[in-house]
Amino acid sequence: MELEGVDDLALHLIFAKLSPKDSAVAACVSRQFRSSASEDSLWEKFCNQDLNLTDPIDHLGNLIPSFKETYKVWRRAFGMYPWPLVKRVKGCWDRLKNWLSTNFPEALVTLRDGASEADIQELENTLKVKLPLPTRILYRFHNGQELKGGYVDSIRGFPLGLIGGYTFYGQTVNVYLLPLKQVVSETKSIIRDLGFSRRSKFIVVASSSTLTEKVFFLNCASGQLFVGTANLREDGEMIPCVPGALINSVHECNAEQQQDAMLLWLEEHVRRLENGIIKLRETKNIRSISLFPEESPLCSAAITNGVRVRASAVFIPELTDLLDSGGNYQFAYSIRMSLQDEGCIINGITFNSCQLHLRHWIVLANDYLVSRVDGEAVIGEYPLLHPGEEFVYESCSSLYSSMGSLEGSFTFVPGSLTYPKGSPFEVQVARFPLQVPTYIF
């Protein structure tokens, strides 16, 4: 063969252009090829290229003697699954863990090691279901969360849920991913309580750790993810969480672009975290992922006379009643108000404080006026703003439609209500959407 006369450096460059499979095949041709195909630097490239590995470790983090052996270990561990899907799932977990490592390390440590094939088989036998391929691989990498320690109280639960949540009217929601053993126990309990058929293919995969019941169900037959509504206990009512048209080939190993709702849901969540659409919120030294959007167009922002107001809302499926003939969609909204560093400026005069007195809201559904709300204070408080401080409050609104908006204004006085230093002025709250999203968290 002509290639046998090629020096080792040139041969290494040629092998670097091949795929791992082609390199393994070429290694069978001659001793020289076998030597070139066995160089660990080549397999380091393959491990980095396919699995984004910089160290020779297996999927549980155990150190392996070489990159070549590492690649073999990975292929053996996931040989029953489509390799492109394995790479995609690993990429999703890697992105989430990178974000957690930088921003929320206390939640990163709650991720459990991956489940074994035996663990998954035991769940399937017990619940008489067949997990969609993407969900199986997700659990092979990480078997949900271990919420040990960090418990606050029955209202706030564990704030370290990877999906996060929101607060309104003193209620807190914080959703975490269930480990397989809890999937089994929660599924048995809820299916019994709801009166579902034993042939039901629904399993519980995520829920809130707080008193507020919010439960996510995976339909193992269709691959769709659902969340319970206010009628879950009485009528088993649920809402799909992912666009159904995106779900594809959830049980077929040889099909292209296998994706179930669980994988799509988690990938979308990671995208929102990476892009700063949702962020961490800290309250009384307790940090958690807040689902209130922080970026336009889902979050509005306006500055009036030095007062900045940001506003956004999140859909609350667990309180929504789709059986109500008039429609009853529930939304929580978050208002963040602050005074700019230069203070409050009225007619060219600067004040170092101002205090909220009145609120004015306009609620729209499908661009039609639903109601106007006028009153004193917000959630019973009259926030006094100073530069460098932010006042945040959450409240709730209902609509008869799945799409609407909220806008309005706050009446402030410069100085304070007790010692006003000028005439009242209006601060705009720019319109922000109240809408059922395509992805529900």
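# A guided tour from cavity to surface

By the rule applied here, the count for this predicted model comes to 1 cavity of 30 Å³ or more. Begin there: the largest cavity holds about 80 Å³ of space, and to display its walls you can select W93, L138, Y139, H142, G144, L177, L178, M262 and L266, which line it. Colouring that selection by class shows 7 nonpolar and 2 polar residues, with no charged residue in the lining. If you then switch to the cartoon, helices α9 (133–141) and α12 can be picked out, since each supplies at least two residues of the lining of this largest cavity.

Before going further, zoom out to the whole chain. It has 12 helices and 19 strands, and its C-alpha atoms fill a box of roughly 90 × 55 × 40 Å, taken along the principal axes. Of the 441 residues in the chain, 53% are buried. Among the contacts with a separation of 6 or more, 63% are accounted for by residues 24 or more positions apart.

**The nonpolar core**

Next, select W265, I335, M337, F410, F412 and F432, the residues with the most contacts inside the largest nonpolar core, which has 125 residues. The largest share of this core, 9 residues, comes from helix α6 (residues 83–103). As a general background to this view, nonpolar side chains tend to be buried together in soluble globular proteins.

Now keep W265 alone and show what surrounds it. Leaving aside its neighbours within four places in sequence, W265 is in contact with I163, L177, A206, F216, L225, C241, V242, Y439, I440 and F441. L177, one of these partners, has already appeared on this tour, in the lining of the largest cavity.

**Aromatic pairs**

Show the aromatic rings next; by the rule used here the count comes to 21 aromatic pairs. Select W43 and Y71, whose ring centres are 5.4 Å apart and whose planes stand at 55°, so the pair is tilted. Because W43 lies in helix α4 and Y71 in helix α5, this pair ties together parts that are 28 residues apart in sequence. Both W43 and Y71 are buried. Return then to W265 and add F216: the centres of these two rings are 5.0 Å apart and the planes are at 45°, so this pair, too, is tilted. The pair links distant parts of the chain, with F216 in strand β4 (residues 215–219) and W265 in helix α12 (residues 261–274), 49 residues apart. Both F216 and W265 are buried. To finish with the rings, extend the selection around W43 to W43, F46, Y71 and W83, which form one aromatic cluster.

**The second largest pocket**

Turn now to the second largest pocket, in which about 380 Å³ of space lies. Of the 19 residues that line this pocket, select I57, H59, K90, D94 and K97, which are the closest to its centre. Which helix gives the most to the lining of the second largest pocket? Helix α6 does, with 6 residues, and α6 is also the source of the largest share of the nonpolar core. By class, the lining of the second largest pocket has 7 nonpolar, 7 polar and 5 charged residues.

**Backbone stops**

The remaining stops concern the backbone and the loops. In general, most residues other than glycine have a negative phi, and most peptide bonds are trans. With that in mind, select S296 and P297, which are joined by a cis peptide bond with omega about 10°; P297 is found in the loop between β8 (286–290) and β9 (299–304).

Select N52 next, a residue other than glycine whose phi has a positive value near 55°. Its place is in the loop between α4 (40–51) and α5 (67–77), and N52 counts as partly exposed because its relative accessibility is 49%. Then move to Y169, which has a positive phi of about 50° although it is not a glycine. Y169 sits in the loop between β1 (164–168) and β2 (171–177). Is Y169 buried or exposed? With a relative accessible area of 53%, Y169 is exposed.

Last, select N231, in the loop between β5 (225–228) and α11 (232–235). At 10% relative accessibility, N231 counts as buried. Not counting residues up to four places away in sequence, N231 touches G236, E237, T320, D321, L322 and L323.

Notes: Residues numbered from 1 in each chain as written. Predicted model: local features only at pLDDT ≥ 70, side-chain atom pairs only at ≥ 80, totals over all residues. Heavy atoms only, no water. Core = buried A, V, L, I, M, F, W, Y, C linked by side-chain atoms within 4.5 Å. Buried < 20%, exposed > 50% of the residue type's maximum accessible area, 1.4 Å probe, protein only. Helix = DSSP H or I, 4+ residues; strand = E, 2+ residues; numbered from the N terminus. Contact = heavy atoms within 4.5 Å. 1 Å grid on protein atoms, 1.4 Å probe; cavity = no way out; pocket = protein on both sides within 12 Å on 5 of 7 lines; lining within 4 Å. Points joined across faces, edges and corners; volume = space filled by probe spheres on them. Nonpolar A, V, L, I, M, F, W, Y, C, P; charged D, E, K, R; others polar. Phe/Tyr/Trp six-rings, centres within 6.5 Å; stacked < 30°, edge-to-face > 60°.
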